[in-house]
Amino acid sequence: MADFVGALDQGTTSTRFMIFDHGGNEIARHQLEHEQILPRAGWVEHNPTEIWERTRSVIQSALHAANLHHNDLAAMGITNQRETTVVWNRRTGRPYYNAIVWQDTRTDRIASALERDGRGETIRHRAGLPPATYFSGGKIQWILENVDGVRQDAENGEAIFGNIDTWVLWNLTGGANGGVHVTDPTNASRTMLMDLETLDWDDQLLSFFNIPRSMLPEIRPSSAPELYGTTRADGPLGGEVALSGDLGDQQAATVGQVCFSPGEAKNTYGTGNFLLLNTGEDLVRSKAGMLTTVCYKFGGAPPVYALEGSIAVTGSAVQWLRDQLGIISGAAQSESLAAQVEDNGGVYFVPAFSGLFAPYWRSDARGAIVGLSRFNTNAHLARATLEAICYQSRDVVEAMREDSGVSLDVLKVDGGVTANELCMQLQADILGVPVSRPVVAETTALGAAYAAGLAVGFWNSTEELRQNWNEDKRWEPRWTEAQREAGYAGWRRAVERTFGWVDVE
């Protein structure tokens, strides 16, 4: 068998291809950013064709950098930004419209209508999700209703939908020349269209959005041999490689962090934050604003479920400091600037740029900076931005405890923001539990590699994967309980100030 496994990680701001060995060690990577298209307030789009071009480039560049070829890879897995919605023509391969990104809020009236007339309760029960702009169903409906020709082509079976995993898989397996139209349960569970118990598209949920079933991809397990076909010889790998793993990015990070037992949790710090708690084969229906989602489904084994707290804006708040305000020149500078002050100076920043996700689910919220006085400087704002990442995570941990009764002993963390050591110390302080970062911080790609490798026998079991996990650094809480509770009380007051800024009725 070949010595390596490849993983494509198609994220919100960039696409990377990584190659791992049997020990889970990184051998090579290449990464490219893509354009963030912002046509108007609340709208966020990507160009699907640009994403496919970036996919081709990063695969070829990573293989070249490691002097490897397609036959050095035992398998390839894919992980992706979830909920981001593409509709394209099956015959030509051309997208009808830009991809509508998970952060986009243009479907707020669709979500509000579902909630008002009672259909929201059916969606919560069957799909595990609240009606929200976050998920794919409303985005598909918007394209069908607002882009010329799509409705007719959908009725004729020519217009098809996919989240980014489906779009990339379709292109890797031939595109308009026989591409495979598939997805996995972790991605399908983010559409508001899949029944969590049957792991199949639900006709009543489809009727709520007036979406033809023929548009939707086939749902297959997250990991299984020859699951999604093979890459094409004329594709970026230059030969046939088994595409045997597919996981939404946050579920992939959970697998990469080897959270295979009920009660184990991880928090991924990227554009947004996503905290997942493995609940095993038990489907826990949240009463505290969490999402019930599929964690993974490996082969013929029963699905494993999770509770998820999804936070829209965390790392992207740091980007906002850089790109819109210009107070830092790079993400790393947020740490040194914030470290110039001992505390936030009374300033709280709630980055509700696209409303608030878990546990509030308030699409009427917008960002606010509160508590300012003339004493405050850009260093206080930088520190408040890092604290906002951590306070939003605490909101989610509190809600998960309410739903599951599980109190965390330690929080496993991964993603780009974990390089910010001040932010990780603040996370330990604000939560009151240790924070642990693994040696391989890019666990999203690693999880996709694990899913693909398990399917073809490159790894034999999840226990073998556990042996690959090693801690890089641990942060212990330093704040007193009084500091912790006073800080959190201030945060909750700040969050309340963001409600009701936008009329979504």
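These legends accompany close-up views of a predicted model.

**View 1. Strand 5 and its two parallel partners.**
Let us begin with strand 5, which covers residues 73-80. Here 8 of the 8 residues are buried, so the strand is largely enclosed by the rest of the structure. Strand 1 (residues 4-10) runs parallel to strand 5, and 7 bridges join the two. In this pairing, Leu8 stands opposite Ile78 of strand 5. Strand 13 (residues 243-248) also runs parallel to strand 5, joined to that strand by 5 bridges. There, Thr79 is found opposite Leu247 of strand 13.

**View 2. The largest nonpolar core, with Tyr134 in focus.**
The largest nonpolar core has 102 residues, and those touching the most other members are Tyr134, Phe209, Ile211 and Trp491. Helix 12 (residues 378-404) gives the most to this core, contributing 13 residues. Which residues should you look for around Tyr134, leaving aside its neighbours within four places in sequence? Its contacts include the aromatic residues Trp102, Phe274, Phe357 and Trp361. Arg82, Glu83, Lys139, Arg190 and Glu308 are also among the residues in contact with Tyr134, and Leu291 and Ser310 complete the list. A second, separate core holds 32 residues, including Phe4, Ala99, Ile160 and Leu243. As general background, nonpolar side chains tend to be buried together in soluble globular proteins.

**View 3. Helix 2 and the helices it packs against.**
Helix 2 spans residues 108-116, and its buried residues are Asp108, Ile110, Ala111, Ser112 and Leu114. These buried residues pack against helix 3 (119-127), helix 4 (136-146) and helix 8 (203-209). Following helix 2 comes Gly118, which has a positive phi near 95°.

**View 4. The largest pocket and its lining.**
For anyone with a grid in mind, the largest pocket has a volume of about 890 Å³. Its lining has 44 residues, and the closest to the centre are Thr13, Tyr269, Gly270, Thr271 and Gly416. Several strands give two or more residues to this lining, namely strand 1, strand 2 (14-20), strand 3 (26-33) and strand 14 (265-269). Helix 9 (249-256), helix 10 (315-325), helix 11 (333-338) and helix 14 (443-456) also give two or more. Helix 10 provides the largest share, 5 residues. Sorted by class, the lining of the largest pocket comprises 11 nonpolar, 23 polar and 10 charged residues.

**View 5. The second largest pocket.**
Next comes the second largest pocket, with a volume of about 700 Å³. Of the 24 residues lining this pocket, Leu38, Val44, Gln103, Ser316 and Gln324 lie nearest its centre. Which element gives the largest share of the lining of the second largest pocket? The answer is helix 10, with 6 residues. By class, this lining divides into 7 nonpolar, 11 polar and 6 charged residues.

**View 6. The largest cavity.**
How many cavities of 30 Å³ or more does a search of the whole structure find? The search finds 3, and the largest cavity has a volume of about 40 Å³. Lining the largest cavity are Leu277, Val397, Met400, Arg401, Val406, Ser407 and Leu408. Helix 12 supplies the largest share of this lining, 3 residues. The classes in this lining are 5 nonpolar, 1 polar and 1 charged.

Methods:
Residues numbered from 1 in each chain as written. Predicted model: local features only at pLDDT ≥ 70, side-chain atom pairs only at ≥ 80, totals over all residues. Heavy atoms only, no water. Buried < 20%, exposed > 50% of the residue type's maximum accessible area, 1.4 Å probe, protein only. Helix = DSSP H or I, 4+ residues; strand = E, 2+ residues; numbered from the N terminus. Contact = heavy atoms within 4.5 Å. Core = buried A, V, L, I, M, F, W, Y, C linked by side-chain atoms within 4.5 Å. Pairing = 2+ DSSP bridges. 1 Å grid on protein atoms, 1.4 Å probe; cavity = no way out; pocket = protein on both sides within 12 Å on 5 of 7 lines; lining within 4 Å. Points joined across faces, edges and corners; volume = space filled by probe spheres on them. Nonpolar A, V, L, I, M, F, W, Y, C, P; charged D, E, K, R; others polar.
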